[in-house]
Amino acid sequence: MTPQEREQLRSITGTIHATETFGTVDGPGIRFVLFLQGCPLRCLYCHNPDATTGKGGQIWTAGQAVDEIMRYRQFIKNGGVTFSGGEPLMQPKFVEATARLLREEGIHTAIDTAGCQDPDDVAPALDAADLILLDIKAFSPQIAERLTGQTNELAIATLDYCEEVKKPVWVRHVLLEGYTLDEKELDGLAEFLTQFSCVERVELLPFHKLGEPKWDEMARTYELKDVPATTREQTEWAKGFFTRRGLKVQ
């Protein structure tokens, strides 16, 4: 990369919702997490509803982001940086620029995405990252639409793209009673994922209500008030569908 290219990348701006300097659940190792503002989905269980709108947040350049991240280099040297949100691929140029600059510094990068953008439109950002954490909201398009307002068509297209370019993927899937915590859903998703050599592991995430207070603060109706949190027993039951097919599950 030439000095001119580096300066051009450093000048690209993005809107940051928040940061976390010691993330341990957003990819391998200890990670600096950049939460970007804005998301087209309206997930019923969203724990950052204040990050879904296009309003709010701070404008940073990619250079500012990298400079801030590098202050924590000693802590994240065996982990890396994760772009989360909101939906980070709503700001693909910023993600691409920051990831490319971090790659020059030897820092591992991951994108935590719901795959709700056309992969053809965000391919440079996907290519710039070392790992994709792909949130597949549901195996059934109908259930995905009930949960998020959008079918899973683009998420599957994103997975297809990652398979094509051999980009490592960790699939993330929230277990929600009445929606995804269902034998047909889990069995279908597990069977489907066996087709993809790019899928390194599956993370099954128990539904929790930690984001509910934010919904109340924003005077928004939390439709899952009466849905119980996923139990350890339910999570272990769900894991069986994937391990029986030889998929690595966490």
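1. Lining of the largest cavity. In this predicted model, the residues around the largest cavity are L41, A114, G115, C116, K137, A144, T148, Q150, T151, N152 and A155. By type, five of the lining residues are nonpolar, five are polar and one is charged. The space inside comes to about 70 Å³. With a cut-off of 30 Å³ or more, the count is one cavity.

2. Largest pocket. The volume of the largest pocket is about 1000 Å³. Its lining has 37 residues, and those closest to the centre are D26, H47, D112, R172 and L205. Three elements give two or more residues to this lining: β5 (109-113), β7 and β8. Strand β8 supplies the largest share, with five residues. Sorted by type, the lining of the pocket holds 16 nonpolar, twelve polar and nine charged residues.

3. The sheet. Eight strands make up an open sheet with mixed pairing. Read across the sheet, the order is β3-β1-β2-β4-β5-β6-β7-β8. The edges are taken by β3 (58-61) and β8, each of which has a single partner strand, so one side of each lacks a neighbour in the sheet. From one strand to the next, the twist averages 30°. As background, the strands of a sheet pair through backbone hydrogen bonds, and this can be parallel or antiparallel. The two ends of this sheet are taken in turn below.

4. The β3 end. Strand β1 (residues 13-23) pairs with β3 in the antiparallel sense, and four bridges connect them. One residue pair can be looked up in the model: G14 has W60 in β3 as its bridge partner.

5. The β8 end. Strands β7 (residues 169-175) and β8 (residues 199-206) run parallel and are joined by seven bridges. Between the two strands the chain passes through helix α8 (residues 183-193), and this β-α-β crossover is right-handed. R172 has E203 in β8 as its bridge partner. R172 also appears in point 2, among the lining residues closest to the centre of the largest pocket.

6. A helix on the sheet. Which strands does helix α10 (residues 232-243) touch? Helix α10 packs on the sheet and touches β7 and β8. The direction of α10 makes about 160° with that of β8. Strand β8 therefore comes up in several points: it is an edge strand with a single partner, a contact of α10, and the element with the largest share of the pocket lining.

Methods. Residues numbered from 1 in each chain as written. Predicted model: local features only at pLDDT ≥ 70, side-chain atom pairs only at ≥ 80, totals over all residues. Heavy atoms only, no water. 1 Å grid on protein atoms, 1.4 Å probe; cavity = no way out; pocket = protein on both sides within 12 Å on 5 of 7 lines; lining within 4 Å. Points joined across faces, edges and corners; volume = space filled by probe spheres on them. Nonpolar A, V, L, I, M, F, W, Y, C, P; charged D, E, K, R; others polar. Pairing = 2+ DSSP bridges. Right-handed = clockwise from strand over helix to strand, strands pointing away. Axes fitted to C-alpha atoms, helices over the stretch in contact; angles between N-to-C directions. Contact = heavy atoms within 4.5 Å.
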